[in-house]
Amino acid sequence: MADGVGDYIVGLFAREDDLLLALREEADRSGLPPIAISPDAGRLLQLLIAAIGARRILEVGTLGGYSAIWMARALPPDGRLLTLEREPAHAAFARRFLQRAGLDDRVTVRVGAALELLPALDGEAFDLVFLDADKAPLPTYLEWALRLLRPGGIVVADNALRGGRVLDAAATDPDTEGVREFNRRLAADPRLTSILVPTHDGVAIGVLGVR
Ligand SMILES: C[S@@+](CC[C@H](N)C(=O)[O-])C[C@H]1O[C@@H](n2cnc3c(N)ncnc32)[C@H](O)[C@@H]1O
């Protein structure tokens with residue numbers, strides 16, 4: 001998307017407040033990689049949360065808590081967000097900012113590798129699952145999402161375009177292959193109504209059928 005269009009959308013619909021700006025500045029200073037979602041993706045997640053009245057959210061890939069704050073702000077006071085993060089330093093940073101945002105009562109950061117933490121969630125039901133960690137296992141994360149979502153729930157994945165690499169037949173690295181396979185499955189699964197929205201780096205969305 002042309003930068004001007006993106007800036008126009010963010011300026012109108014997805015302005016960051018001082019806390020989100022401070023989080024990004026401190027994340028840069030602390031050496032966290034600059035790979036948080038874009039503000040328009042944050043707003044899109046909020047829209048989805050509001051549309052289905054989500055109360056329970058699972059995120060895979062916390063980083064500094066930027067997307068968690070966007071999502072948790074769209075939850076009702078009794079809503080809960082569980083976010084999984086492999087790096088203890090990222091989790092500590094996120095916890096600090098979730099506290100500053102007054103959202104630490106709503107958000108739990110659990111430290112560990114997602115594929116090791118997910119089995120413990122079996123039997124729980126989430127309204128929305130946001131996948132934003134490593135890309136190679138995305139097809140497996142999709143299986144988990146479909147297992148953990150309630151009917152009518154939504155699975156979302158960021159970086160569904162991987163900077164355009166999904167279109168490049170010469171790009172066969174495991175991360176790109178993981179995203180491609182995820183997108184193929186999301187598009188083809190008869191249980192899902194799905195689309196890839198070309199915002200920023202691509203946000204893929206699938207709604208699990210009610211029937
Ligand atoms: C793209 S960043 C997440 C950005 C965050 N969702 C945001 O928008 O603010 C990916 C995060 O996933 C974490 N991660 C990568 N592989 C993981 C895994 N297998 N299990 C849990 N976390 C993982 C990384 O340490 C990193 O913090």
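Me: Which residue has a polar backbone atom 2.8 Å from a nitrogen atom of the ligand?
Reply: The model is predicted, with local features needing pLDDT of at least 70 and side-chain atom pairs pLDDT 80 or more, whereas totals for chains, interfaces and linings use all residues. Residues are numbered from 1 along each chain as its sequence is written, and side-chain values use heavy atoms, without hydrogens or water. Taking a polar contact as a pair of N or O atoms within 3.5 Å, the backbone partner of that ligand nitrogen is Gly 61.

Me: Which residue brings a side-chain N or O atom to 2.8 Å from an oxygen atom of the ligand?
Reply: A nitrogen atom of the ligand has a polar side-chain atom of Asp 132 at 2.8 Å. For the ligand oxygen, the side-chain partner is His 90.

Me: How much of the ligand's exposed area does the protein bury?
Reply: Accessible areas come from the Shrake-Rupley method with a 1.4 Å probe. Taken alone, the ligand exposes 600 Å², and the share of this that the protein buries is 94%.

Me: How many residues of the shell around the ligand are charged?
Reply: The shell, in which each residue has a heavy atom within 4 Å of the ligand, holds 20 residues, with Ile 37, Gly 61, Ser 67, Glu 85 and Asp 132 the closest. With Asp, Glu, Lys and Arg counted as charged and Gly among the polar residues, the shell divides into 9 nonpolar and 5 polar residues, while the charged ones number 6.

How values were computed: Polar contact = N/O pair within 3.5 Å; in protein donor to acceptor, adjacent residues only side chain to side chain.
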